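Colleague: Could you take a close look at one part of this model for me, the strands in the middle of the sheet, and then show me how the rest of the chain fits around that picture?

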Amino acid sequence: MPVFTRFSGSSQPGDGVPEAEDEPAGGEREEGEREATAASGPAPEASRTSLGHRLTRLRTWRTRHPRTARALHLTTTALAAALVLGALLLPNTLPALKAAAFARIPAEAIIGAVVVLALPRRPRLVAAVLYGLGLTALTTVNLLDMGFNEYLGRGFNAALDWDLLPDAQAYVEDTLGGGVATAVTVGAVVLILLVAAVMVAATIRLATVLARHRVRASKGALIAGTVWVTCSALGLTLFGGPIASERGAGALRVHAQRTVESLRDEAAFVKQSKADTFGNTPPGQLLPDLRGKDVIFTFIESYGRSAVEDPIMAPGVDRTLDTSTKALEKAGFAARSGWLTSATYGGSSWLGHSTTMSGLWIDNQRRYRTVSAGDHLTLTKAFQKTGAWDTVGVMPGVQKGWPEEKWYGLDKLYDSRDLGYRGPKFSWSTMPDQYALEAFQRQVHGKKRDKPLMSFVILTSSHQPWAPIPKMVGWDELGDGSVFDAIQKAGNKASDVLTDTTKSREEYGKSIQYSVTSLAQWLERYGTDDTVLVFLGDHQPIARVSGNGASRDVPVSIVAKDPKVLDKVAGWNWTEGLKPDRDAPVWKMDSFRDRFLKAFGSTPHPSKG
């Protein structure tokens, strides 16, 4: 019977090759056994005896079952290699996650092999552990990229996006329940730790095997390096991609650059936010052409261009827009509509709200915190600054303290706790839009006051996951919202819609129809000659619904009875009615504030940062 190499301390069997084949002369002690005990230093006598006993049993088993031991060794080594190569070649988007993506030669694997072959035992063990942890970090950011690209249409930003993870956890809790949210959180942590353990074990395994067969491994690394350089120099491709890959290093480099650029951007934005075209405009020169009007700014959650143009969602949404346009015209209202390119996509609605109102491009949480902590003039605050309007916010999605109300210039905020709702939640949405609007009318808009009203209203029924969706009921039947109990119970389950892309798109379209209908009927029912309604979407729905590569455009409409109001925006060339044409003007969302202020007579008096 041949003499096989010894077992390593990790209890991995050998490959059946005589130890002397690739080892230096002198009969070195088996590498795996030494590396297993290197980190802890000299072991107590009892521990040495116990370890020696286990090793003796394993060697005996290996001697008795050489074929099984060899098969096990080859299998575990192959799995370790597959894990390392898979981590190095893993794409960062779901559409790219195909078998062809792994038909590459990663430079990082060749470099890793060269490094461990050049190092003595203990430094080699340290290098293997660090390499495994690096693969864990790479895998984590690639998975985060997949999730962020799927939901927000962009990659993960390590400098900015950690703040969004608690919001994601809160969303899961509101949508699927606290138990599921806890399970997902714990599962994510366990998964990361498991990946780390498996990757480190895999890299240690490969480092040990390479060192044990140093001569053949060195030849293999040389051949692989030569092939990589040749493929890179000649630009050879396979399945539409380069054979010579540096995917892992490239991914980490992109994330590092993204982090550095974000930190630089933050410093520049602080200065930018202090400069304001209307920062020094006297109150009397702000919005003179809207004096006496009740102005309402309303955001409809996830109301994006796809709702109006996608072949699955658009037919129902377009019918709703056409029907609502005709109903409002019959009530004496006219409308003009265009497009705004949102600063966010798929979520983070507050970035869209703040961009529209501030005139600054607020596309991440750091920018939001910076600007909302300052005194940059928001469009809503301009109304408050004049002293000619009472200013209120109606935000059924806010369930706790919201300090930004001061920055928005709101005299009074009505959140989910102030609107008297006693009905069921509809997934994330605390109450149906129809009820929120009726409560706004009952508690705010319908009351007599000395000044006209400027209102900032955020509607939530079209928030993901679009299940269950409320249905319209008689406006006189709304009461405290209990009428929605049966509707909520009969609706779809969030878990059923979340897992079905086609169903998600269909239900999303229905939710937009509901929100638009609620708002249009409210205006038809309660609007006056002095009502001016501006409503728009905050962002497109997630990529799985809006489609990969979809624009960031959202519809925006101005509705009024007084023709003088719409005459002020005639130069905008917006489409008549609530549905903007495909070729209607498209502006960046941060341009809306200044255009609106100028259209209604405001005089610029810049402040400098």
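Modeller: Happy to. Let me start with one pair of residues: Leu533 stands opposite Val559 in β11. This is a predicted model, so please read everything below in that light.

Leu533 belongs to a strand whose two faces are both covered. On one side of β10 are Thr531, Leu533, Phe535 and Gly537, on the other Val532, Val534 and Leu536, and all of them are buried. Put as a count, seven of the seven residues of β10 are buried. The split between the sides follows a general pattern: in a regular strand, side chains alternate between the two faces of the sheet.

Now to the partners of β10. Strand β10 (residues 531-537) runs antiparallel to β11, and five bridges join the two. Besides the pair I began with, Phe535 has Ser557 as its bridge partner in β11. With strand β5 (residues 294-300), β10 pairs in the parallel sense, over seven bridges. There, Asp294 stands opposite Thr531 of β10. So β10 pairs with β11 in the antiparallel sense and with β5 in the parallel sense.

Strand β11 (residues 553-560) deserves the same attention. Eight of its eight residues are buried, so β11 is largely enclosed by the rest of the structure. Asp553, Pro555, Ser557 and Val559 point one way from the strand, while Val554, Val556, Ile558 and Ala560 point the other way, and all are buried. Besides β10, β11 has another partner: strand β6 (residues 334-341) pairs with β11 in the antiparallel sense over eight bridges. In that pairing, Gly338 has Val556 of β11 as its bridge partner.

The loops on either side of β5 hold two residues with backbone angles you may want to inspect. Leu287 sits in the loop between α9 (247-274) and β5, and its phi is near 55°, a positive value in a residue other than glycine. Ser302 is in the loop between β5 and α10 (305-309); Ser302 also has a positive phi, of about 60°, although it is not a glycine. Leu287 counts as buried because its relative accessibility is 0%, and Ser302 counts as buried at 3%.

Elsewhere, the loop between β9 (453-459) and α17 (485-490) is worth a check of its peptide bonds. Pro465 has its place in this loop, and the bond from Gln464 to Pro465 is cis, with omega near 15°. Pro468 lies in the loop between β9 and α17 too, and the bond from Ala467 to Pro468 is cis, with omega near -10°.

Two helix residues add some detail. Thr517, in helix α19 (residues 501-526), has a relative accessibility of 19% and therefore counts as buried, the cut-off being under 20%. Leaving aside neighbours within four places in sequence, Thr517 is in contact with Thr320 and Met472. Ala439, in helix α16 (residues 433-445), counts as buried at 0% relative accessibility. With neighbours within four places in sequence left aside, Ala439 is in contact with Leu419 and Val444. Ala439 and Gly420 are 19 residues apart in sequence and 7.6 Å apart in space, C-alpha to C-alpha.

Away from the strands, have a look at the second largest pocket, with a volume of about 530 Å³. Its lining has 23 residues, of which Ala109, Ile110, Ala113, Leu206 and Leu210 lie nearest the centre. By class, 19 of the lining residues are nonpolar, three polar and one charged. Helix α4 gives the most to this lining, with seven residues. Among the elements that each supply at least two lining residues are α3, α4 (107-118), α5 (121-152) and α7 (178-212).

Helix α3 (residues 66-89) has 24 residues and reaches 34 Å from its first C-alpha to its last, close to the 34 Å expected at 1.5 Å a residue. Its buried residues include Ala69, His73, Thr77, Ala80, Val84 and Ala87. An α-helix has 3.6 residues a turn, so residues three or four places apart point the same way.

Finally, the wider setting. The protein chain has 22 helices and 13 strands, and 49% of its 609 residues count as buried. Among contacts between residues at least 6 apart in sequence, 78% join residues at least 24 apart.

Technical notes: Residues numbered from 1 in each chain as written. Predicted model: local features only at pLDDT ≥ 70, side-chain atom pairs only at ≥ 80, totals over all residues. Heavy atoms only, no water. Helix = DSSP H or I, 4+ residues; strand = E, 2+ residues; numbered from the N terminus. Expected span 1.5 Å × (residues − 1). Buried < 20%, exposed > 50% of the residue type's maximum accessible area, 1.4 Å probe, protein only. Pairing = 2+ DSSP bridges. 1 Å grid on protein atoms, 1.4 Å probe; cavity = no way out; pocket = protein on both sides within 12 Å on 5 of 7 lines; lining within 4 Å. Points joined across faces, edges and corners; volume = space filled by probe spheres on them. Nonpolar A, V, L, I, M, F, W, Y, C, P; charged D, E, K, R; others polar. Contact = heavy atoms within 4.5 Å.
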